Amino acid sequence: DDFRLVVTTLASCLFPDGPFVILVVNGGEGTAKTTFTQLFRNCIDPAGAPLRALSRDERDLMIAANNGWVLNFDNVSYLKQWMSDALCSKA
């Protein structure tokens, strides 16, 4: 089931007009979450930006989104309401 989800998400990234998928990768320490997301991004996104910390404001998030196909955020434990809303908007 996980393989199908990953392949479907990869395929959906090829459609620039959306709808867009938010893939959440979680697991315990040492389960290769970072390695997986780096490989995932390398399959889709030609931009060379590394993993990012979560954006501090909506402006930074939109700049990052406009400059790449895939946004990788490392070590996110909590998502504030404004960030959740910003990730789900098309603005």
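Leaving aside its neighbours within four places in sequence, which residues is cysteine 13 in contact with? The answer is Phe40, Ile44 and Trp69. Keep in mind that this is a predicted model.

## Overall fold

Let's start with the big picture. The protein chain has four helices and zero strands, so reading along the sequence simply gives α-α-α-α.

As for dimensions, the C-alpha trace spans about 30 × 30 × 25 Å along its principal axes. The radius of gyration is 13 Å, which agrees with the value near 12 Å that a compact globule of 91 residues would have. Among contacts with a separation of 6 or more, 49% join residues that sit 24 or more positions apart.

## Surface and charge

Of the 91 residues, 21% count as buried. The accessible surface of the protein chain adds up to about 7000 Å², and carbon and sulfur atoms own 56% of that.

On the charge side, there are 8 positive and 10 negative side chains. The centres of these two sets lie 3 Å apart.

## The nonpolar core

Back to cysteine 13, which belongs to the largest nonpolar core. This core has six residues in all: Val6, Leu10, Cys13, Phe40, Ile44 and Val70. Helix H1 (2-12) and helix H2 (33-44) each supply at least two of them. In soluble globular proteins, nonpolar side chains tend to be buried together.

Two of the residues that cysteine 13 touches, Phe40 and Ile44, are listed in that core as well.

## Threonine 37 and proline 50

Is threonine 37, a residue of helix H2, buried or exposed? Threonine 37 counts as buried because its relative accessibility is 19%, and the cut-off for buried is under 20%. Not counting residues up to four places away in sequence, threonine 37 touches Val25, Leu51 and Asn72.

Proline 50 is another story. This residue lies in the loop between H2 and helix H3 (58-66). With a relative accessibility of 61%, proline 50 counts as exposed, since the cut-off there is over 50%. Where does phenylalanine 73 come in, and what separates its C-alpha atom from that of proline 50? The two residues are 23 residues apart along the chain, and their C-alpha atoms are separated by 9.4 Å.

Technical notes: Residues are numbered from 1 along each chain as its sequence is written. This is a predicted model: local features need pLDDT of at least 70, side-chain atom pairs count only at pLDDT 80 or more; totals for chains, interfaces and linings use all residues. Side-chain values use heavy atoms; hydrogens and water are left out. Helices (H or I, at least four residues) and strands (E, at least two) are DSSP runs, numbered from the N terminus. The radius of gyration is taken over C-alpha atoms; the globule rule is 2.2 Å times the number of residues to the power 0.38. Buried means under 20% relative accessible area, exposed over 50%, partly exposed in between (1.4 Å probe, protein chains only). Contact means heavy atoms within 4.5 Å. Accessible areas come from the Shrake-Rupley method with a 1.4 Å probe; for residues, only the protein chains shown count as cover. Lys and Arg count as positive and Asp and Glu as negative; His and the chain ends are not counted. The place of a charge is taken as NZ of Lys, CZ of Arg, CG of Asp or CD of Glu. A nonpolar core is a set of buried Ala, Val, Leu, Ile, Met, Phe, Trp, Tyr and Cys residues joined through side-chain atoms within 4.5 Å.
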